[in-house]
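The following exercises concern the fold of a protein, the packing of its helices and the burial of its residues. Each task is followed by a solution in steps.

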Amino acid sequence: MTIHELIEEVKAEIEARDLAFKPGADNRARHKAYQRFYLFRFLKKHELKLQEIGDLFGLKHCTVLYGIEQAKIMKNDRLFLRVTDELRQKFEQYTALDYPLDRNIVLDVLECESYWEMRKIQDDIKKGVYGVTI
């Protein structure tokens, strides 16, 4: 895969997940911010310049720099990992899952600490991750 193909895939994810900056929109929702932070760091690892990354999202280079630092800080944060899991699976296929494949719904619900973690668990149930389908 070339860097241009990678950038096109990232652009498609930005559009699909509504991660680009839009005046008047809710741009600071935690799940969107975490996904942006992950993509900032991912693109920086592929040697894109801060301004190039910012242009993809409609943001300035200093915001990208802040997001990269936040992604480094949160790289082991449970919520960050859950919210970015689908992106990590897509872009880092062999290193994406940082939690066991044998998932226990009771344990995950009991350890859930936020609304967004609960939403992720609900999505996982719908996808059949727990062996239960709805």
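**Exercise 1. Overall architecture**

Determine what share of the contacts with a separation of 6 or more joins residues 24 or more positions apart, and describe the secondary structure.

Solution. In this predicted model, residues 24 or more positions apart supply 55% of the contacts with a separation of 6 or more. Next, the secondary structure is counted: the protein has eight helices and zero strands. Read along the sequence, the pattern is accordingly written α-α-α-α-α-α-α-α. Finally, burial is assessed over the 134 residues of the protein, of which 40% count as buried.

**Exercise 2. The two sides of helix 1**

Establish which residues of helix 1 are buried and which exposed residues lie on the face turned away from them.

Solution. Begin with the geometry. Helix 1 spans residues 3–16, 14 residues in total, and reaches 20 Å from its first C-alpha to its last, close to the 20 Å expected at 1.5 Å a residue. Now apply the burial cut-off of under 20% relative accessible area. The buried residues of helix 1 are Leu6, Ile7, Val10, Glu13 and Ile14. Because these residues cover an arc of only 120° around the axis, they are on the same side of helix 1. An α-helix has 3.6 residues a turn, so residues three or four places apart point the same way. The face turned away from the buried side carries the exposed residues His4, Glu15 and Ala16. As for the cover over the buried residues of helix 1, it includes helix 2, helix 3 and helix 6 (85–91). Just after helix 1, aspartate 18 adopts a positive phi of about 55°.

**Exercise 3. Packing of helix 2 against helix 3**

Characterise the crossing of helix 2 and helix 3 and the residues that meet there.

Solution. Two packed helices are described by the angle between their axes and the distance between the axes. For helix 2 (residues 30–45) and helix 3 (residues 50–57), the angle is about 140° and the axes are 10 Å apart. The crossing is right-handed. On the helix 2 side, Arg36, Leu39, Phe40, Leu43 and Lys44 take part, and they meet Leu50, Ile53, Leu56 and Phe57 of helix 3. Sorted by character, the contact residues are seven nonpolar, no polar and two charged.

**Exercise 4. A loop threonine**

Decide whether threonine 84 is buried or exposed, and identify the residues it touches.

Solution. First locate threonine 84: it is in the loop between helix 5 (78–83) and helix 6. Its relative accessibility is 0%, and therefore threonine 84 counts as buried. Leaving aside residues up to four places away in sequence, threonine 84 touches Tyr34, Gln35 and Tyr38.

Methods. Residues are numbered from 1 along each chain as its sequence is written. This is a predicted model: local features need pLDDT of at least 70, side-chain atom pairs count only at pLDDT 80 or more; totals for chains, interfaces and linings use all residues. Side-chain values use heavy atoms; hydrogens and water are left out. Axes are lines fitted to C-alpha atoms, for helices over the stretch in contact, and angles run from 0 to 180 degrees between N-to-C directions. Helices (H or I, at least four residues) and strands (E, at least two) are DSSP runs, numbered from the N terminus. A crossing is left-handed if the near helix is turned anticlockwise from the far one by less than a right angle, and right-handed if clockwise. Contact means heavy atoms within 4.5 Å. Ala, Val, Leu, Ile, Met, Phe, Trp, Tyr, Cys and Pro count as nonpolar, Asp, Glu, Lys and Arg as charged, and the others, Gly among them, as polar. The expected span of a helix is 1.5 Å times one less than its number of residues. Buried means under 20% relative accessible area, exposed over 50%, partly exposed in between (1.4 Å probe, protein chains only). The arc is that of the directions from the helix axis to the C-beta atoms.
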